[in-house]
Amino acid sequence: MKHEDCLFCKIIDGEIPSAKVYEDDHVYAFIDIGQVTEGHTLVIPKQHAKDIYDLSPETAKELFARIPKLAQAVKDAYQPAGLNLVNNNGEFAGQTIYHLHLHLIPRYNNQDGFDAKWENRADQYEMTDLEKIAETIKSTL
């Protein structure tokens, strides 16, 4: 279902131009206008979903089934040293457009404009702590 005020729904419908990489009945992929690194590609479901929490299992299946093919295409085209697959959910996590999208960000070196670093805190948790965290999550499934 299209959302009238959604930028990405308008791109899918051709109301707003994009540099399209791929399209089929379920997925649309295009070049991110921000190009964090050369080849930075966005992959979106045609079925509007605000974020990962709003994504149906059926739409997720269709979306994620295309990721390896699209990532390989970016790799073949640009020969990056690596690739980050990024999804931001909610304002605090950096989401600015509320239509679920996955970023394929080719990585070339440590100064390529993208920084996805976090602190490893393995020394702060015992196995019992990790098991408690796992049980907390499992209890909501």
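How much space lies in the largest pocket? In this predicted model, the largest pocket holds about 370 Å³ of space. Its lining is made up of 23 residues. Phe8, Asp32, Ile33, Leu42 and Ile97 lie nearest the centre of the pocket. Three elements, α1 (7–12), β2 and β5, each give two or more residues to the lining. The largest share comes from α1, with three residues. By class, 14 lining residues are nonpolar, eight are polar and one is charged.

The overall architecture is considered next. The protein chain contains three helices and five strands. Along the sequence, these elements follow the pattern α-β-β-β-α-β-β-α. The C-alpha atoms fill a box of roughly 50 × 35 × 25 Å along the principal axes. Of the 141 residues in the protein chain, 33% are buried. Contacts between residues at least 6 apart in sequence were also examined. Of these contacts, 53% join residues at least 24 apart.

The five strands form an open sheet with antiparallel pairing. Their order across the sheet is β1-β2-β3-β5-β4. Strands β1 (20–23) and β4 (82–86) are the edge strands, and each pairs on one side only. From one strand to the next, the twist averages 15 degrees. Helix α2 (residues 57–78) packs on this sheet. Helix α2 touches β1, β2 (27–31), β3, β4 and β5. The direction of α2 makes about 20 degrees with that of β5.

Two of the strand pairings can be described residue by residue. Strands β1 and β2 run antiparallel and are joined by three bridges. Together they form a hairpin, with three residues between the two strands. Within this pairing, glutamate 23 stands opposite tyrosine 28 in β2. Strand β3 (residues 41–45) pairs with strand β5 (residues 102–107), also in the antiparallel sense. Three bridges hold the register of β3 and β5. Here leucine 42 stands opposite histidine 103 in β5. Leucine 42 is also one of the residues nearest the centre of the largest pocket.

Two individual residues illustrate the surroundings of the helix and the sheet. Threonine 59 is found in helix α2. Its relative accessible area is 13%, so threonine 59 counts as buried, the cut-off being under 20%. Beyond its neighbours within four places in sequence, threonine 59 is in contact with Pro45 and Gln47.

Leucine 85 belongs to strand β4, which is one of the edge strands. Its relative accessible area is 45%, so leucine 85 is classed as partly exposed. Residues up to four places away in sequence aside, leucine 85 touches Ile67, Leu102, His103 and Leu104. Among these, His103 is the residue that leucine 42 faces across the pairing of β3 and β5. Leucine 85 and alanine 49 are 36 residues apart along the chain. Their C-alpha atoms are separated by 18 Å.

Conventions. Residues numbered from 1 in each chain as written. Predicted model: local features only at pLDDT ≥ 70, side-chain atom pairs only at ≥ 80, totals over all residues. Heavy atoms only, no water. Pairing = 2+ DSSP bridges. Helix = DSSP H or I, 4+ residues; strand = E, 2+ residues; numbered from the N terminus. Axes fitted to C-alpha atoms, helices over the stretch in contact; angles between N-to-C directions. Contact = heavy atoms within 4.5 Å. 1 Å grid on protein atoms, 1.4 Å probe; cavity = no way out; pocket = protein on both sides within 12 Å on 5 of 7 lines; lining within 4 Å. Points joined across faces, edges and corners; volume = space filled by probe spheres on them. Nonpolar A, V, L, I, M, F, W, Y, C, P; charged D, E, K, R; others polar. Buried < 20%, exposed > 50% of the residue type's maximum accessible area, 1.4 Å probe, protein only.
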